[in-house]
Amino acid sequence: MAQNEQFLIDRVCSGDQTAFHELVGRYKKKIYYLAYDIMGDHQEAEDISQEVFMKMFRSLKTFRRDAKMSSWLYQITVNTSIDSLRKKSTKPARSIDEFDPSFIKAELPTGGSGAHALNPVRSAESAQIQEHISEALKKVSPKERTVFVMRHYNDLKLHEIAEILNITIGTVKSLLFRAIKKLRKELSTYMSDPGMEATYE
Amino acid sequence: MSDCKKCKSLFLEAYYGELDAQRKQFFKDHLLVCDKCQSEFIEMKSTLKFMSKRVRPEPPKEFWDSYEERLAQRIEKEETSEVERGSWWSKLADAFTLAPKWAYQAAAAVVLIVVGVFIGRMLFTPSASEIQQASQQPGVSAQQQPGTELVHRTQDYIERSKLILLALVNFDPATEDPYALDLPYQQRVSKELVQEASYLKRELAESDQERLENLIVDLERVLLQIANLESENDFEAIELVKEGVNSRGILMEINLTDLRRSIRRGKSSISPEQPSPKTQTY
């Protein structure tokens, strides 16, 4: 753990409110986006991210100083999100990536060119693709989706995911393969398009 | 492990750039010679590339600017509710810890009594439908039905009075031995019935049994006359009593009362085989 992060934690433990805000500022986006990718809903993602920081605040004194802060926070995020999904399973599901009109669509780091907004036809196609991807993600189980979004959209390494979820790398890979297989099946229309095919470079 | 199996186990690391130099070389070399693995890898890669087209809605700048403030408000709110919850629990706990031991025992005893009474009522009190059902059954005793006890006593009173009246009405001094009437016995029973009549009249009046009450009033007068007879040989007085019974239609009324009761029970008390009151003998 970085020296200054350790110092920050000590300050939070001694009741320094500024240090707490600084710590939150460091992780708020990562936690929010991971929660958003798992839940697919902005409001739930905000609630979960705040809950994560509240849990962090309550148990910071018992936090092992040799552990990685980000892993600990991701772990809390995943557990809180999965719990929320369980409770939500009895309620009508909302669409993944259903978003507030005031929000702007941001390209993910691994995404395309971002020039679609200038062309109405491409823009409509893009909206349709977004909808299909959201639907496909909903068809994947919560655990498979969690592992998939952790690796694919949150750039966590396979061994990090294994550590956070307390499972083996083999299990992480297995969950990822299953998720990819299901996603491919759901998006088979696009997959059969030769233009979509890619070769190993 | 075969090369194909080993190669497939490296697909994810290969795509996400997590392979070290040695494994990366093995992977590349194998794909060049194995069409099947190459095809499968291309398939996986195309799916992942397509999934990369997903875009997340980015919250506006204000959302992030006020994030810490909203979080602080939520923490404060939850801490306040926890304190309130804590104080409520502590008040409750204080109430229990301050109470002396006898208070617990008394409270436990009261609770046990209440529970016992409740269970007893649940087990032994018939429901309204059961009471109604029981009242419709002809064989049910009068004691089980509220209000029927008075009717039962009245009927009993009428029956005993009827026997006295029949004995007197059927008595013919011209043909029968006056001592056969056993007037002292009739007078003693009549006195008892007159005394009983005063209570019965009041109860019948209270329960709006006007017809029966009138019958009891008539019987009381006749029984009073019988009770005041001086001797069995006072034929004139006996004839007056007979006339009083006949003029008031007391026996007729008694028979009608019996008839109504029988109809209510679903059977007639007057059958062709039974003798009429006039011919009944004591």
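Start by selecting residues 169-186 of chain A: that is helix α8, 18 residues in this stretch. Keep in mind that you are looking at a predicted model. From its first C-alpha to its last, α8(A) reaches 26 Å, close to the 26 Å expected at 1.5 Å a residue.

Now colour the buried residues of α8(A): A:Val172, A:Lys173, A:Leu175, A:Leu176, A:Ala179, A:Ile180 and A:Leu183. Turn the view until you look down the axis of the helix; these buried residues fall within an arc of 165°, so they line one face. Then flip to the face turned away from that buried side, where you'll find the exposed residues A:Gly170 and A:Lys185.

Next, click on A:Leu176. Which residues does A:Leu176 touch, leaving out those up to four places away in sequence? Within chain A, its contacts are A:Val147, A:Phe148 and A:Arg151, and there is also B:Leu12 from chain B.

A:Leu176 is a good way into the largest nonpolar core, which has 57 residues. Along with A:Ala35, A:Val147 and A:Ala179, A:Leu176 touches the most other members of that core. Select residues 17-39 of chain A as well: this is helix α2, which gives the most to the core, with 11 residues. Another core, of 27 residues, lies apart from it; among its members are B:Tyr157, B:Ile158, B:Ile164 and B:Ala167.

Let B:Tyr157 lead you over to B:Ile216, since the two are in contact. B:Ile216 also touches B:Ala197, B:Leu200, B:Lys201 and B:Leu204, again not counting residues up to four places away in sequence. You'll find B:Ile216 in helix α11, residues 210-227 of chain B. Is B:Ile216 buried or exposed? It is buried, because 25 other C-beta atoms lie within 10 Å, and the cut-off for buried is 20 or more. While you're there, select B:Ile250: 34 residues separate it from B:Ile216 in sequence, yet the two C-alpha atoms are 9.5 Å apart.

Zoom out to the whole of chain B, with its 13 helices and one strand. Read along the sequence, the pattern is α-α-α-α-β-α-α-α-α-α-α-α-α-α. Of its 282 residues, 18% count as buried. Among contacts between residues at least 6 apart in sequence, 62% join residues at least 24 apart.

Last stop: colour chain A by pLDDT. The average is 82, and 77% of the residues score at least 70. Select residues 110-117 of chain A, where pLDDT stays under 50 and the model has 11 contacts beyond four places in sequence. Residues 194-201 of chain A are also below 50, with 15 contacts in the model beyond near neighbours in sequence. Where pLDDT is low, the predicted coordinates should not be read in detail.

Terms used
Residues numbered from 1 in each chain as written. Chains lettered and ligands numbered in written order. Predicted model: local features only at pLDDT ≥ 70, side-chain atom pairs only at ≥ 80, totals over all residues. Helix = DSSP H or I, 4+ residues; strand = E, 2+ residues; numbered from the N terminus. Buried ≥ 20, exposed ≤ 12 C-beta atoms within 10 Å, placed from the backbone. Contact = placed C-beta atoms within 7 Å. pLDDT = per-residue confidence, 0-100. Expected span 1.5 Å × (residues − 1). Arc of directions from axis to C-beta. Core = buried A, V, L, I, M, F, W, Y, C linked by C-beta atoms within 7 Å.
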